[in-house]
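Colleague: I am new to this structure and should be grateful for a close look at its aromatic pairs. Please explain the terms as they arise.

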Amino acid sequence: MILVLGGTSDSLEICDKLKFIDKEFILSVTTDYGRDLAISHAKNIILGKLNSKSLEDFIKTHEVNQIIDATHPYAVEVSKNALECAESLGVKYLRYERKSLIEQIKYKNIHVVDTLEEACDIVNELGNNIFIGTGSKNLEVYVNRLKDKNLIARVLPTSEVIISCEKLGLNADNIIAMKGPFSKNINEETYKHYNIDVLITKESGIAGGFLEKIDACETLSIPAVIIRRSTIFYPNVINNVNELEIALNC
């Protein structure tokens, strides 16, 4: 049995590929929204967050012999748990990793940092109207560290996410509830409409519309603060779904 750790559009492509090559698998997602998206891609779906213990129990109960980790590039703890469980139980581990695109950026007005806190420190010096292009996770950090700034957060259009934004003090003027990824033109018009001074984003890869965010900044001469990914050593990695079948047979 294969366990796919999902939560990204990449994981749905992987599920489609597994079905195509006739592999039995279970998809793990953490949100109702993720489950709704996955229904047409996977027959067996489990909902909920798996910590190290529950993941280990699940692997044993369902006789999982292969983990495909297709979680978000910034879901570091989930990947660490999966690596540890795979090693301790003798289960094969395969990481699907979106390629980093930072090296492809030609725009010079970017600031690459390692943490949200560093991003906030730089942003505090760059402008007042801050576009948060990192989703709803960690919004509390921005709210607490950018108290005197006008924050514009683009988040998923689900009631749960919007309620969480409102609990942090954000209102309709601060929330853009839309599902991405977004084109360069949409980003440009959004930045202009909200008179954005600076962007905060993560290097989410092609699937996350990362380059389109930066290209829009370049067109409008808006500085971009990029939070880079944490570095994890993955023993077995692919960057393309077309590599999946070969990787599974290695």
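Modeller: The aromatic pairs are described below, one after the other. This is a predicted model, in which local features need pLDDT of at least 70 and side-chain atom pairs count only at pLDDT 80 or more, while totals for chains, interfaces and linings use all residues. Residues are numbered from 1 along each chain as its sequence is written, and side-chain values use heavy atoms, with hydrogens and water left out.

The structure holds 2 aromatic pairs. Rings of Phe, Tyr and Trp (its six-membered ring) pair if their centres lie within 6.5 Å; planes under 30 degrees apart count as stacked, over 60 as edge-to-face and the rest as tilted.

Tyr 93 and Tyr 234 form a stacked pair, at 6.4 Å centre to centre with 10 degrees between the planes. Tyr 93 belongs to strand S5 (residues 92-96) and Tyr 234 to the loop between strand S11 (224-227) and strand S12 (237-238), so the pair ties together parts that are 141 residues apart in sequence. Helices (H or I, at least four residues) and strands (E, at least two) are DSSP runs, numbered from the N terminus. Tyr 93 counts as buried at 7% relative accessibility, and Tyr 234 counts as buried at 12%. Buried means under 20% relative accessible area, exposed over 50%, partly exposed in between (1.4 Å probe, protein chains only).

Phe 131 and Tyr 191 form an edge-to-face pair, at 5.2 Å centre to centre with 70 degrees between the planes. This pair links distant parts of the chain, with Phe 131 in strand S7 (residues 129-132) and Tyr 191 in helix H8 (residues 184-193), 60 residues apart. Phe 131 is buried at 0% relative accessibility, and Tyr 191 is buried with a relative accessible area of 1%.
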